[in-house]
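Grab a pencil and work through these exercises with the model open. Try each task before you read its solution.

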Amino acid sequence: MEHSLPLDTLLDALAGPGWCVLPQAFAPDQVAALRATCLERHQDGQFHPAGVGAKTPSLRSEIRGDHIRWIEQADPDPAVQTYLAAMDDLRQGVNQAFYLGLHELEAHFAVYPQGSGYKRHLDRFRDDDRRTLTAIVYLNQDWADDDGGMLHFWPDPAGTGEAITIPPRGGTLVTFLSDRFWHEVAPARRQRLALTGWFKRR
Ligand code: OGA
Ligand code: MN
């Protein structure tokens, strides 16, 4: 499968406000293939409850209720390989434009059970500041506004002012500088799927 992220748009947005929302960044057939892989692995018991913090993650389901399954670079799934190739093009484009020195991606599938969310937070850990750029791809089919599960995102780095509301529609890519923007996942009325990655500096 081919991928064709609009790199110029992405780089302009990252150079400017530092964040970008691209609906339909991934084609429906690719989203469907990633969703199938995600659900298959979930049914297969390969997910575990996500923790909070980097070095010694603690389970705090009142803060974050998603279950995750990390992705290896050598993942045999073709849809995952296409995703990793797209992320690598993004990584190289960002490095050429901004000299950020992003050298690796850590990524996981996330399944939020009905009713769970993720309280307001920044993505850079206090005990590990290598996470630099966040990239979230939603894998949900036919997401309706009243399904909830919105990503609330504060464009003002102070974390004040109005949040914008981003529906987790299949194919949407949300990217932002990991240390800068507060965001929160509102509880959803149905299972909510995402594929979330962080580009790290050395
Ligand atoms: C995260 C996160 C947002 C989302 O995993 O750190 O903020 O919309 N996810 O799934
Ligand atoms: Mn986050």
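**Exercise 1.** Find what Arg-192 does at ligand 1, then look for other polar contacts there.

*Solution.* Start with Arg-192: one of its polar side-chain atoms lies 2.8 Å from an oxygen atom of ligand 1. That passes as a polar contact, meaning a pair of N or O atoms within 3.5 Å (within protein, one must be able to donate a hydrogen and the other to accept it, and residues adjacent in sequence count only if both atoms are side-chain atoms). Next, try His-183, where a side-chain N or O atom is 3.0 Å from an oxygen atom of the ligand. Then go to Asp-123, with a polar side-chain atom 3.2 Å from a ligand oxygen. Finally, check the cover: ligand 1 taken alone exposes 290 Å², and the protein buries 99% of that (Shrake-Rupley areas with a 1.4 Å probe; for residues, only the protein chains shown count as cover).

A word on the ground rules: this is a predicted model, where local features need pLDDT of at least 70 and side-chain atom pairs count only at pLDDT 80 or more, while totals for chains, interfaces and linings use all residues. Residues are numbered from 1 along each chain as its sequence is written, chains are lettered from A and ligands numbered from 1 in the order written, and side-chain values use heavy atoms, without hydrogens and water.

**Exercise 2.** Which strand gives the most to the shell around ligand 1?

*Solution.* List the residues around the ligand (a heavy atom within 4 Å); among them are Tyr-112, Leu-151 and Trp-198. Now assign strands (DSSP E runs of at least two residues, numbered from the N terminus; helices are H or I runs of at least four). β5 (118-121), β6 (131-138), β10 (183-185) and β11 (192-201) each supply at least two shell residues. The winner is β11, with three.

**Exercise 3.** Trace the sheet that holds β5 and β10, and say why one side of β5 has no neighbour.

*Solution.* First, write the order: four strands make an open, antiparallel sheet, β5-β10-β7-β8. Pairing here takes at least two DSSP bridges. Next, look at the ends: β5 and β8 (164-166) are edge strands with a single partner each, so one side of each lacks a neighbour in the sheet. The twist averages 15 degrees from one strand to the next (angles run from 0 to 180 degrees between N-to-C directions of axes fitted to C-alpha atoms, for helices over the stretch in contact). Last, zoom in on β7 (residues 151-153), which pairs with β10 over three antiparallel bridges. There you'll find Phe-153 opposite His-183 of β10.
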